[in-house]
Amino acid sequence: MNGKWDSEAKGAWTAISRAPYLKALALFPKSDCWHGGGLFTGKRSYWLNDGYGHTVLRDTSEIQRDLNFSPDGYYGGECLGIYYPRLLRDGWKFAEPVSDAKRKNLSIFEKPVHRGWILRKIAHAQTGAPVGKGCYWDEHELLHPATGQQIKYPDWEWAEVDGKRLIWAENGKLFAGRIGKEGLVDKAELFDFNEMTFESIEAPY
């Protein structure tokens, strides 16, 4: 969104680009911020989260719209309508929703790791989020149901299972570690992104 409602992109849009560039291969003006975005359903196919209102300003033959895909479940017209179906697509299991009187809504997703351990992703959707967090943010923990062990990682902003190891983002860095009998071992820093800055480079297409 850039809020230029009189422009040809109507101020808000969904676009498909070729990483790492932002220039659109396909561009779908929307004119508001409800629904929008989408998911890749294959190497050359995508689902457009239309809801209503998209038009086609620019299209491409490099990737085709998947008109047969339907996401598993409906999670509203904002970000969760894309994020939760993406987690389910990527092998996460929806464990339970939680709500309390302070308008803190949580959804818990789980994925088995190794040696009986489970990675839990606690997805928050709330007003008045902690400093540095948006209205949608995640926290993570490791759980071993057989032993009752629970290890919280409050600084992990993102985490995923990669074979028998975990990879996660923490304080601007990417890490990996193995899962042993007692939990996370052999932690290694893969890359530090803190010194990186945006550089405007014209797309070659």
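This report describes the pockets, one strand pair and some backbone features of a predicted model.

**Pockets**

The largest pocket of the model has a volume of about 550 Å³. Its lining consists of 28 residues, of which Thr14, Gly36, Gly37, Gly38 and Ile82 are the closest to the centre. Several elements of secondary structure contribute to this lining: at least two residues each come from strand 1 (13–17), strand 3 (38–42), strand 4 (45–48) and helix 1 (80–89). Strand 1 gives the most, with five residues.

The second largest pocket holds about 200 Å³ of space. Its lining is made up of Pro20, Tyr21, Leu22 and Lys23, together with Phe198, Glu199, Ser200, Ile201 and Ala203. The table sets out the residue classes in the two linings.

| Pocket | Nonpolar | Polar | Charged |
|---|---|---|---|
| Largest pocket | 15 residues | eight residues | five residues |
| Second largest pocket | six residues | one residue | two residues |

**A cis peptide bond in the second lining**

Pro20, one of the residues lining the second largest pocket, is joined to Ala19 by a cis peptide bond with an omega of about 10 degrees. Pro20 belongs to the loop that runs between strand 1 and strand 2 (24–29).

**Strand 8 and its partner**

Strand 8 covers residues 118–126, and nine of its nine residues are buried. The burial applies to both faces of the strand. One side carries Ile118, Arg120, Ile122, His124 and Gln126, while the other carries Leu119, Lys121, Ala123 and Ala125. The charged residues Arg120 and Lys121 are thus among the buried positions, on opposite sides of the strand.

Strand 8 pairs with strand 9 (residues 136–144) in the antiparallel sense, over eight bridges. Within this pairing, Lys121 has His140 of strand 9 as its bridge partner.

**Positive phi angles outside glycine**

Two residues other than glycine are noted here for a positive phi. Lys10, in the segment before strand 1, has a phi near 65 degrees. Its relative accessibility is 30%, so Lys10 counts as partly exposed. Ser31, in the loop between strand 2 and strand 3, has a phi of about 75 degrees. With a relative accessible area of 39%, Ser31 is likewise partly exposed, since that class lies between the limits of 20% and 50%.

Note on methods. Residues numbered from 1 in each chain as written. Predicted model: local features only at pLDDT ≥ 70, side-chain atom pairs only at ≥ 80, totals over all residues. Heavy atoms only, no water. 1 Å grid on protein atoms, 1.4 Å probe; cavity = no way out; pocket = protein on both sides within 12 Å on 5 of 7 lines; lining within 4 Å. Points joined across faces, edges and corners; volume = space filled by probe spheres on them. Helix = DSSP H or I, 4+ residues; strand = E, 2+ residues; numbered from the N terminus. Buried < 20%, exposed > 50% of the residue type's maximum accessible area, 1.4 Å probe, protein only. Pairing = 2+ DSSP bridges.
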